[in-house]
Amino acid sequence: MGTRRNFIRNTSIAGAGLFAVPSFASKLYSPADKLNVALIGVGLRGTNHLQNLLLRKDINVEAICDIDPKRISIAKDLITKEGAKDPLIFGANDYDYRNLLELKEIDAVVISTPWLWHTRMAVDSMKAGKYTGVEVSASNTMEECWDLVNTHEATGSHLMILENVNYRRDILAVLNMVKGNVFGELVHFRCGYQHDLRHVKFNDGKTAYGKGAEFGEKGISESKWRTHHSVKRNADVYPTHGLGPIAVMADINRGNRFMSLTSHATKAIGLHNYIVQVGGKDHPNAKVKFKQGDVITTTIDTANGETIIITHDCNLPRPYSLGFRVQGANGLWEVDGNRIYVEGKSESHQWDEATDWLNKYDHPLWKKYGEYALDAGHGGMDFFVLNSFVESAKANIAPPMDAYDAAAWSAVTPLSELSLANNGEPQDFPDFTRGLWINRKPYKWLKETY
């Protein structure tokens, strides 16, 4: 398996993004059993995936699709620079991706488009018999969550939600601790997405990040579509970066499941204040009424008796944190403060600095491939998540994070919206596995392959 590993350079800047293949790259690949891949969406995120794929010799990039000609041009330049064959190009209209899916030679599809397209594209891809990877979140509505599950079961085509934080080095080390019973029986978790995105939700229509107060038709990149969700929806619209890793630790859909949630939201002032700060009080967008509360807090109950608190906090000034806490009968780990306490091991009532613990329980994947992954997107996580997708697709087996996970993790968005609209009223989670969670075995994460 090691001959099929490599890293990608982190390229989040639109335009250039061209880089040289590392000198050791040719030693890490096997060209056998090539997988024919297509990409739907080659914006900043899709381009990141494209670069990762191009560094593998067991991949053919057969086709790309995007309705923005500039992004197609950037993608083609990357492919040419790597000496790969010219891909077939799609993007004549919003639904031209369906013509891409008709190509018989395509084995697998990576979807990196705006959120509202994720489910419909993933469903069409599975119906076309393609091994499908979809970016987060996978779904926006409860109907869409069921669409993913029902289509997977009807077609037998596999779906992987491309949640990269599940592969973060500290997260996999803590998962190793959980499986090693360091914390004892699990009781409580905290997580979320706490990230100042004001500079992402607004720009000047020319620069992707950091300038201007425009969004929608006058914006570019994520401001063109992502900000509308803050205008229209009071919900945790982006739960999976925090919830995905916790769901794995809690064996959700594999011996455990989400039962219900309640959500609460603060007032919405952050985005308005930013518009006034950047564009002035007379800027037209200063009149926009944003529906999404600045801080949304959701509490989930599980079948096995744990609670999970998820925080969505993206509209106010703050440093980045996913806010992880993993707590059991014998101790706990908290990411903020990089601290851990284990009864009988730590000094009584005193936190340990977590670094030594994380090093001791470093995951086999990171031990084996960390030096190749560190320069990949998002500190190495993107290397591991896409590698898991590719290797699962080549074997045509269920991925580590499947259609049931995509549905359950993404369901937080519509359920939180319902709870908030009804004064925090509890909302029941559907059982997307239809009872199979009781006997489904957890994926074997503690291995050095993928």
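## Rings and buried side chains

Let's start with two tyrosines: Y193 and Y238 are both buried, meaning under 20% relative accessible area with a 1.4 Å probe and protein chains only. You're looking at a predicted model, where local features need pLDDT of at least 70 and side-chain atom pairs pLDDT 80 or more, while totals for chains, interfaces and linings use all residues. Residues are numbered from 1 along each chain as its sequence is written, and side-chain values use heavy atoms, with hydrogens and water left out.

Back to the tyrosines. There are 19 aromatic pairs in the structure; a pair is two rings of Phe, Tyr or Trp (its six-membered ring) with centres within 6.5 Å, called stacked if the planes are under 30 degrees apart, edge-to-face if over 60 and tilted for the rest. Y193 and Y238 make an edge-to-face pair, with 4.8 Å from centre to centre and 65° between the planes. Because Y193 is in strand β7 (residues 186–194) and Y238 in the loop between α8 (226–232) and α9 (240–249), their pairing ties together parts 45 residues apart in sequence. Helices here are DSSP runs of H or I with at least four residues, strands are runs of E with at least two, and numbering goes from the N terminus.

These two tyrosines have company: ring pairs link them with W115 and W225 into a cluster. R226 also lies over the face of Y238, 4.6 Å from the ring centre (that takes NZ of Lys or CZ of Arg within 6 Å of the centre and within 35 degrees of the ring normal). K447 does likewise over Y450, at 4.9 Å.

Now find Q292, in the loop between α10 (270–279) and β9 (295–302). Its relative accessibility is 1%, so Q292 counts as buried. Beyond its neighbours within four places in sequence, Q292 is in contact (heavy atoms within 4.5 Å) with residues including K201, R233 and H312. The side chains of Q292 and N315 share a polar contact of 3.3 Å. That term means N or O atoms within 3.5 Å; within protein, one must be able to donate a hydrogen and the other to accept it, and residues adjacent in sequence count only if both atoms are side-chain atoms. A polar atom of the Q292 side chain also sits 3.2 Å from the backbone oxygen of A235.

Last stop: H363, in the loop between α11 (355–360) and α12 (364–373). With 0% relative accessibility, H363 counts as buried. Its side chain has a polar atom 2.7 Å from the backbone oxygen of W445, and one 2.9 Å from the backbone nitrogen of L365.

Technical notes:
Buried means under 20% relative accessible area, exposed over 50%, partly exposed in between (1.4 Å probe, protein chains only).
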